[in-house]
Amino acid sequence: MSDLRKRFEAAVMPNYGVPPVALARGEGCRVWDTDGNAYLDLIGGIAVSSLGHAHPALVAAVTAQVGTLAHTSNLFVHEPGVRLAERLLQLLDTDGRVFFVNSGAEANEAAYKLIRRRAGQDRTYVVAADGSFHGRTMGALALTGKASIREPFGPFGADVRFVPYGSVDALREAVTGECAAVFLEPTQGEGGVVPAPEGYLAAARRICDETGAALVLDEIQSGIGRTGVWFQHQREGIRPDVITLAKGLGGGLPIGACVGFGTYGTAFGKGDHGSTFGGNPVSCAAALAVLDTIDKDGLLDHVTTVGELLADGIAAAGHPLLAGVRGSGLWRAIVLTEPKSAEVEAAARDAGFLVNAIKPDVIRLAPPLIITPDEVVSFTAALPEILRKA
Ligand SMILES: *Cc1c(COP(=O)(O)O)cnc(C)c1O
């Protein structure tokens, strides 16, 4: 074990185990470990490093802002925060409002409080999906449909009813006039990159309209260009009432957002919620650099093109361990015929590729949005041998 990993084990809580590699630096889609070995980064800090590592636009924006004004707290207004809120509303094509936080879990906590505030006391419960992931804090965890990570920490003091993901009938049955909100991911990320079936989100929108429940879409992993559109729901042609963002928004700097559409934007009154660090100037400057670069460099179309190259290359690997590939854009799952994802992750690492064994039979890929066709092909060309070694 490397010296740094030994020190990690002795000083850091064991909830992550001891990760297999200690990283020292990165550039573009490449990272280097503390022994100097290079890897192609196909997980991007879990769909976070949208512009890869040490992108000049991100470095310049953060450097300039930290040297100008790093923090104000919410007692004062600052330009990067206002500009970022305006930009998100423009991309979402809404006259709603934005609340900034530091992480995905906090964005969902804000959304949960927002819909509780708006719904009043007659709407007593919320609906979420089996297999969903909304974060590790107590409110977000109460919404998370994975029993193994939720149940050890209950009770939560929240009435959350879980439905099978993708079943319109189950949703129709679960959502009544007493339901405050439905929380859904457009594609379940931690669940193994499982896209919603065609028409599911549109049906959820209709059911929420009929019952008056709020539709909250968790786009923390799916948003900010990951699937080749700014936000995945835009491809479905539906409008949520609330959306949550984080991961790719800051390109590696911690920032999240809860966006209320229309009158949901003004459901919080003065004093209802807050965050000391949320939307600090440095993270907002980073997010603006991410959004500007996606725009300026045409990365949405790029994601679609190289995403298809990646999926086609995986499908062509033609190995008995390969069951198929799913997902969209630069967000893909390699589905295995046997529970050997840990072995595949290790074999990929030995071959110089960082991938993520998200489930026993699923490998997740979420590389930086700037990954080149050559880099994609270097992985898909190596994949048959990686599968053979696993
Ligand atoms: C990662 C993730 C979260 C939690 O984000 P954190 O920043 O880890 O708190 C919530 N929802 C979805 C869909 C996610 O992918």
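**Entry 1: the shell around the ligand**

I sorted the shell around the ligand by residue class and obtained three nonpolar, six polar and three charged residues. The model I consulted is a predicted one. I then listed the residues around the ligand by name: Ser103, Gly104, Ala105, Asn108, Phe133, His134, Gly135, Glu185, Asp218, Ile220, Gln221 and Lys247. Next I asked which helix gives the most to this shell. I found that helix 5, residues 104–119, does so, with three residues.

**Entry 2: polar atoms at the ligand**

I looked up distances between the ligand and individual residues. For lysine 247, an N or O atom of the side chain is 2.6 Å from an oxygen atom of the ligand. For alanine 105, I noted a backbone N or O atom 2.8 Å from a ligand oxygen atom. For phenylalanine 133, a polar backbone atom lies 3.2 Å from a nitrogen atom of the ligand. I also checked how much of the ligand the protein covers: on its own the ligand has 380 Å² of accessible area, and 81% of that is covered.

**Entry 3: arginine 150**

I turned to arginine 150, which I located in helix 7, residues 147–150. Is arginine 150 buried or exposed? Its relative accessible area is 13%, and the limit for buried is under 20%, so I recorded arginine 150 as buried. Leaving aside neighbours within four places in sequence, I found arginine 150 in contact with Leu141, Ala142, Thr144, Gly145, Phe156 and Phe162. Finally, I compared its position with that of glycine 135, a residue of the shell around the ligand. Arginine 150 and glycine 135 are 15 residues apart along the chain, and their C-alpha atoms are separated by 10.0 Å.

Methods: Residues numbered from 1 in each chain as written. Predicted model: local features only at pLDDT ≥ 70, side-chain atom pairs only at ≥ 80, totals over all residues. Heavy atoms only, no water. Near = heavy atom within 4 Å. Polar contact = N/O pair within 3.5 Å; in protein donor to acceptor, adjacent residues only side chain to side chain. Areas by Shrake-Rupley, 256 points an atom, 1.4 Å probe, with all protein chains shown as cover. Helix = DSSP H or I, 4+ residues; strand = E, 2+ residues; numbered from the N terminus. Nonpolar A, V, L, I, M, F, W, Y, C, P; charged D, E, K, R; others polar. Buried < 20%, exposed > 50% of the residue type's maximum accessible area, 1.4 Å probe, protein only. Contact = heavy atoms within 4.5 Å.
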